Amino acid sequence: MKPQPFTGWPPEAFDWFRELESKNNRDWFQAHRQTYDNAVRGPLEWLLAELYDEFGDGRITRPNRDTRFTADKSPYKTGIYAVVERGGGGGAWYVHLNREGLFAGGGVYDPERQKLSATRSAIADNATGKQLESIIAGMSAAGLRLMEEGALKTAPRGYPKDHPRVRLLRLQHLAAGIHHPPQEALHTPKAKELVVDAWRAVSPLLEWVAAVDRT
């Protein structure tokens, strides 16, 4: 599909997501493939093309779910998302769209054990830990929130339970983002500004992660 100027996602994109949740099968998807291509995936491709110069090349996920290891055999994802890798171990920027709206942010999700261990060491360190606290404060001021799903209930092994940054040490992911519910702005070029603002706000976190990887 030839890139076009990004003008937001039309209302039918959200109608498409709502219907997909109740009619998640191949026949329905194929019958409504044109809406997916033109109203859902197409605008995301055009958005990534416009963000390329600042953030780099993005990758959009396939609509198909991997159903091999789950009892839910619904063949299609009920949302669409794209990832732009920062490179240098700095995680990635992320954007996700579904019937509940737009989510934009970034960071490191579910890092391998060695990377998680290095990140926790940097969090515990007085200098780099305070740097991270300052970055999180800046993200919070911009409306982004840390991803705390799956956090440990207590301090990880080897760290005191009363550590001043125990909340951060308990995290399984080091990522943050902001959610925008369905609204008129998502149907307009304003949606691009929402993504750019979130990605710029989370960029210091990606830079911090990359610096930790280099140490």
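Six residues, Trp-16, Phe-17, Trp-28, Phe-29, Tyr-36 and Tyr-76, form one aromatic cluster. Keep in mind that this is a predicted model. Across the structure, the count comes to 12 aromatic pairs.

Let's look at a couple of those pairs. How do you describe one? A pair of aromatic rings is described by the distance of the centres and the angle of the planes.

| Pair | Kind | Centre to centre | Angle between planes |
|---|---|---|---|
| Trp-16 and Trp-28 | tilted | 5.6 Å | 45° |
| Phe-29 and Tyr-76 | stacked | 4.1 Å | 10° |

What does the tilted pair tie together? Trp-16 sits in helix H1 (residues 11-22) and Trp-28 in helix H2 (residues 26-31), so the pair links parts that are 12 residues apart in sequence. Both partners are tucked away: Trp-16 is buried, with a relative accessible area of 4%, and Trp-28 counts as buried at 8%.

Now for the stacked pair. Phe-29 belongs to helix H2, while Tyr-76 is in the loop between strand E1 (59-60) and strand E2 (79-85), so this pair ties together parts 47 residues apart in sequence. Phe-29 is buried at 1% relative accessible area, and Tyr-76 is buried too, at 5%.

Next, the nonpolar core. The largest one has 57 residues, and those with the most contacts inside it are Trp-9, Leu-44, Met-139, Trp-199 and Trp-208. Helix H7 (residues 190-214) gives the most to this core, with 13 residues.

Which residues does Trp-199 touch, leaving out those up to four places away in sequence? Its contacts include Leu-48, Leu-51, Phe-55, Val-84, Trp-93 and Tyr-94, along with Val-95, Ala-104 and Gly-105.

Conventions:
Residues numbered from 1 in each chain as written. Predicted model: local features only at pLDDT ≥ 70, side-chain atom pairs only at ≥ 80, totals over all residues. Heavy atoms only, no water. Core = buried A, V, L, I, M, F, W, Y, C linked by side-chain atoms within 4.5 Å. Buried < 20%, exposed > 50% of the residue type's maximum accessible area, 1.4 Å probe, protein only. Helix = DSSP H or I, 4+ residues; strand = E, 2+ residues; numbered from the N terminus. Contact = heavy atoms within 4.5 Å. Phe/Tyr/Trp six-rings, centres within 6.5 Å; stacked < 30°, edge-to-face > 60°.
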